[in-house]
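The following explanation leads the reader through one molecular structure, step by step. Please keep the sequence and the three-dimensional view at hand while reading.

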Amino acid sequence: MTNPLYPAFFRLDRLQLLVVGAGEVGEEKLSFILKSSPNARVVIVAPWMGEELKGLLDNYDKQARTQEQSPLDEAGFGGDVLTAARFTHEAPAGEWRTAAGGTVIWYARRFKAKDVEIADLVIAATDLKEVNLTVHASAKAARRLTNIADTPSLCDFYLGSIVTRGPLKIAISTNGQSPTFAKRFRQFLEAELPDLETSNLLDNLKTFRDRLTGDFRAKVRQLNAVTNSLLASTEDSNPACRCPEGECLVEAAANRTASSTISAPAASPLEGAPDNEPER
Ligand SMILES: C[C@@]1(CC(=O)O)c2cc3[nH]c(cc4nc(cc5[nH]c(cc(n2)[C@H]1CCC(=O)O)[C@@](C)(CC(=O)O)[C@@H]5CCC(=O)O)C(CC(=O)O)=C4CCC(=O)O)c(CCC(=O)O)c3CC(=O)O
Ligand SMILES: NC(=O)C1=CN([C@@H]2O[C@H](COP(=O)(O)OP(=O)(O)OC[C@H]3O[C@@H](n4cnc5c(N)ncnc54)[C@H](O)[C@@H]3O)[C@@H](O)[C@H]2O)C=CC1
């Protein structure tokens with residue numbers, strides 16, 4: 001079977017999401033969306049909302065009220081928070097904020113075709129096939145990107161399992177074949193990638209990258225050289241070697257990169273490094 005899916009990483013603070021349905025599946029989809037993108041702007045349309053989803057949104061809102069609203073750091077976006085879209089002539093049944101600047105607004109009623117107009121991305125997660133099909137027809141007529149949770153063949157995009165480690169974001173899809181495998185593989189990667197060390201490694205690499213001077217090719221060469229050890233450690237198939245001296249792979253790499261970062265002179269830190277072609 002071929003797998004022509006093309007992954008992309010959306011900025012949900014800049015796009016407006018419409019979720020139709022707020023039961024079990026709506027909760028599952030929104031919990032992962034907000035976990036990964038707590039700055040998302042979401043409108044929900046559903047006659048009723050499940051207690052679990054309400055609880056989740058209440059928790060986000062409570063945090064937003066108790067924590068200082070922190071515009072996210074430079075890589076986490078912040079600053080120009082866009083206003084959440086809403087149906088201006090209707091009173092929402094609920095409205096929640098997140099500490100990261102996200103907004104979720106719920107309208108307690110059935111879906112109407114015009115609802116898709118406020119959205120860039122539309123997710124249909126009701127338990128009624130005919131409603132999901134109506135959402136699909138309306139969204140596609142308006143050329144919105146559409147996910148119909150119970151009908152993969154109608155999806156413009158699939159939601160994936162997501163691993164976040166600081167600036168690193170890994171999205172996993174099985175081309176719709178086994179969401180459970182995607183979930184298990186996420187859990188495997190989460191266990192393999194220690195949060196702090198992975199974040200440190202990437203922060204160190206950014207510092208190193210910011211310090212590089214010279215032309216593009218020279219920068220690529222130096223970055224390839226300093227990250228070479230990451231691959232070198234995985235080349236040995238003996239699992240014991242993936243954790244040299246009791247450290248895990250990423251932890252060891254983070255330490256090595258930290259020392260390179262500190263010792264790297266501004267101009268050419270790795271003279272004599274292999275003159276690799278840029279790896280794209
Ligand atoms: C096509 C897709 C469309 C979409 O939803 O975007 C889709 C479709 C369907 N899922 C179904 C079932 C389940 N989905 C999950 C879980 C997840 N499903 C997710 C994504 C996707 N699910 C997209 C493809 C992703 C890919 O390419 O791999 C994840 C990754 C992301 C997310 O939901 O945010 C999230 C894991 C998040 C995590 O934990 O990390 C579980 C497991 C569980 O809940 O524990 C089950 C039950 C067990 C099972 O069936 O495997 C059914 C049958 C419904 C029925 O039988 O009635 C359909 C419809 C069909 O297949 O026809
Ligand atoms: N993609 C996935 O990951 C999965 C998909 N599914 C499929 O998703 C479907 C949804 O199931 P559940 O969430 O468990 O149902 P549910 O009964 O828990 O929730 C249904 C939701 O749809 C809303 N709804 C009903 N009519 C509506 C209308 N006219 N307009 C707007 N909202 C409306 C209800 O208010 C409720 O919020 C099922 O068909 C199931 O096969 C199930 C599991 C996983």
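A polar contact is a pair of N or O atoms within 3.5 Å. Within protein, one of the two atoms must be able to donate a hydrogen and the other to accept it. This definition will be used several times below, and the model to which it is applied is a predicted one.

Consider Gln16 as a starting point. Gln16 is found in strand E1. The backbone oxygen of Arg41 lies 3.3 Å from a polar atom of the Gln16 side chain, and 3.3 Å is within the limit of 3.5 Å for a polar contact. Is Gln16 buried or exposed? Its relative accessible area is 3%. Buried means under 20% relative accessible area, and Gln16 therefore counts as buried. When residues up to four places away in sequence are not counted, Gln16 touches, among others, Arg41, Val42 and Val43, Ala84 and Ala85, and Ile118 and Ala119.

A second polar residue to examine is Asp61, which is found in helix H2. Asp61 has a relative accessible area of 9% and is therefore buried as well. Which partners does the side chain of Asp61 have? One is the side chain of Arg65, joined to that of Asp61 by a polar contact of 2.6 Å. Another is the backbone nitrogen of Arg97, which lies 2.6 Å from a polar atom of the Asp61 side chain. Leaving aside neighbours within four places in sequence, Asp61 is in contact with Glu95, Trp96 and Arg97.

The view may now be widened to the chain as a whole. The chain has 280 residues, of which 38% count as buried. It contains seven helices and eight strands. Among contacts between residues at least 6 apart in sequence, 66% join residues at least 24 apart. The accessible surface of the chain comes to about 16,400 Å², and 54% of that surface belongs to carbon and sulfur atoms.

Where do the buried nonpolar residues gather? The largest nonpolar core has 21 residues, and those with the most contacts inside it are Leu17, Val42, Ile44, Met49, Leu53, Leu57 and Val104. At least two residues of this core are supplied by each of strand E1 (16–20), H1, strand E2 (41–45), helix H2 (51–66), strand E4 (103–107) and strand E5 (121–124). Leu53 offers a view of the contacts made by one member of the core. Apart from its neighbours within four places in sequence, Leu53 is in contact with Ala22, Glu27, Leu30 and Ile44. There is also a second, separate core of 16 residues, which includes Leu18, Val20, Ala124 and Val135.

Two ligands remain to be described. Ligand 1 is surrounded by 19 residues, the closest being Lys29, Ser161, Ser173, Thr174 and Arg186. By class, these shell residues divide into six nonpolar, eight polar and five charged. Helix H4 supplies the largest share of the shell, four residues, and H1 and H4 (179–192) each supply at least two. Several side chains approach oxygen atoms of this ligand. A polar side-chain atom of Arg186 lies 2.5 Å from an oxygen atom of ligand 1, a polar side-chain atom of Ser173 lies 2.6 Å from one, and an N or O atom in the side chain of Asn147 lies 2.7 Å from one. The protein covers 68% of the 1,100 Å² of accessible area that ligand 1 has on its own.

Which residues are closest to ligand 2? They are Ala22, Val25, Lys29, Trp48 and Ala149, out of a shell of 21 residues. This shell has 12 nonpolar, three polar and six charged residues. Its largest share, four residues, comes from helix H1 (residues 24–36). The backbone takes part here: a polar backbone atom of Ala22 is 2.8 Å from an oxygen atom of ligand 2, and a backbone N or O atom of Val25 also lies 2.8 Å from an oxygen atom of the ligand. From a side chain, a polar atom of Asp127 lies 3.4 Å from an oxygen atom of ligand 2. Of the 880 Å² of accessible area that ligand 2 has on its own, the protein covers 74%.

Lys29 links the two descriptions, being listed among the closest residues to ligand 1 and among the closest to ligand 2.

Key. Residues numbered from 1 in each chain as written. Chains lettered and ligands numbered in written order. Predicted model: local features only at pLDDT ≥ 70, side-chain atom pairs only at ≥ 80, totals over all residues. Heavy atoms only, no water. Near = heavy atom within 4 Å. Areas by Shrake-Rupley, 256 points an atom, 1.4 Å probe, with all protein chains shown as cover. Nonpolar A, V, L, I, M, F, W, Y, C, P; charged D, E, K, R; others polar. Core = buried A, V, L, I, M, F, W, Y, C linked by side-chain atoms within 4.5 Å. Buried < 20%, exposed > 50% of the residue type's maximum accessible area, 1.4 Å probe, protein only. Contact = heavy atoms within 4.5 Å.
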